[in-house]
Amino acid sequence: MTAIDIAERLGKDPHTIRRARMSGPNARSAPKGWEAVVADLAEKHAGDLERRVQELHALARQLRERRV
C-alpha cells in the first residue's frame with residue numbers, strides 16, 4: 001500500500017499523507033479516519049497475497065507432478 005492508495009481513499013493529496021508521516025516543523029497531522037482506511041487497505045492486500053500464495057502452491061504441485 002502506498003501514500004497514493006491512502007490519499008485516494010481519504011480524498012486527500014498524496015503529499016498531505018507523506019507529510020503526515022513526517023515529524024518536525026513541516027509535518028502535518030494525519031487525516032481523520034486514516035486508521036480505518038489503512039486497516040481496510042491492509043486487509044485487502046493480505047487477501048491478495050494469500051491468493052498469490054495459493055497460486056504458487058498450485059504451480060509448485062503441478063511442476064512436481066510433471067517431474068514424476
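1. The radius of gyration used here is taken over the C-alpha atoms, and the globule rule that goes with it is 2.2 Å times the number of residues to the power 0.38. With that in hand, look at the protein chain: a compact globule of 68 residues would come out near 11 Å, but this chain has 19 Å. Keep in mind as you read on that this is a predicted model.

2. The box tells you about the outline. Along the principal axes, the C-alpha atoms of the protein chain fill roughly 65 × 20 × 15 Å. For a feel of how that plays out between two residues, take E8 and R66: they sit 58 residues apart in sequence, and their C-alpha atoms are 45 Å apart in space. E8 belongs to helix α1, and with a relative accessible area of 60% it is exposed.

3. Now the secondary structure. The protein chain has three helices and zero strands, so you can skip looking for a sheet, since strands would have to show up as DSSP runs of at least two residues. Going along the sequence, the pattern reads α-α-α. Helix α1 covers residues 3-10 and helix α3 covers residues 34-67, while helix α2 takes in residues 14-20.

4. What about the inside and the outside? Of the 68 residues in the protein chain, 15% count as buried. The chain exposes about 5,600 Å², and carbon and sulfur atoms supply 53% of that area. As for contacts, take those in the protein chain with a separation of 6 or more: residues 24 or more positions apart account for 33% of them.

5. Next, charges. The protein chain carries 14 positive and 10 negative charges, and the mean positions of the two sets are 4 Å apart. How many salt bridges does the structure hold? The count is three, and the next two points go through them.

6. Start with the salt bridge between the side chains of D40 and R9, where N and O are 2.5 Å apart. D40 lies in helix α3 and R9 in helix α1, so this pair ties together parts of the chain that are 31 residues apart in sequence. Are these two buried or exposed? Neither label fits: D40 is partly exposed at 32% relative accessible area, and R9 is partly exposed too, at 43%. The cut-offs explain the wording, because buried means under 20% and exposed means over 50%.

7. The other two salt bridges share D48. One joins D48 to K44, with the closest N and O atoms 3.3 Å apart; the other joins the side chains of R51 and D48 at 2.4 Å, N to O. Together, K44, D48 and R51 are linked in a network of salt bridges. The spacing along helix α3 is worth a look: D48 and K44 are four residues apart, about one turn of the helix, and R51 and D48 are three residues apart, which also comes to about one helical turn. On accessibility, K44 counts as exposed at 53%, whereas D48 is partly exposed at 24% and R51 is partly exposed at 45%.

8. Please have a look at R19 as well, a residue of helix α2. Which side chain of opposite charge is nearest to R19? That would be D13, 8.8 Å away. R19 is buried yet has no salt bridge; the distance to D13 fits with that, because a salt bridge needs a side-chain nitrogen within 4 Å of a carboxyl oxygen. Leaving aside residues up to four places away in sequence, R19 touches N26, A27 and R28.

9. Finally, the loops. G11 is found in the loop between α1 and α2, and its relative accessible area of 64% makes G11 exposed. From G11 to P31 the C-alpha distance is 9.7 Å, with their positions 20 residues apart in sequence. K32 lies in the loop between α2 and α3 and is exposed as well, with a relative accessible area of 82%. The C-alpha atoms of K32 and T16 are separated by 12 Å, and the two residues are 16 residues apart along the chain.

Technical notes. Residues numbered from 1 in each chain as written. Predicted model: local features only at pLDDT ≥ 70, side-chain atom pairs only at ≥ 80, totals over all residues. Heavy atoms only, no water. Buried < 20%, exposed > 50% of the residue type's maximum accessible area, 1.4 Å probe, protein only. Contact = heavy atoms within 4.5 Å. Areas by Shrake-Rupley, 256 points an atom, 1.4 Å probe, with all protein chains shown as cover. Lys, Arg positive; Asp, Glu negative; His and termini not counted. Charge placed at Lys NZ, Arg CZ, Asp CG, Glu CD.
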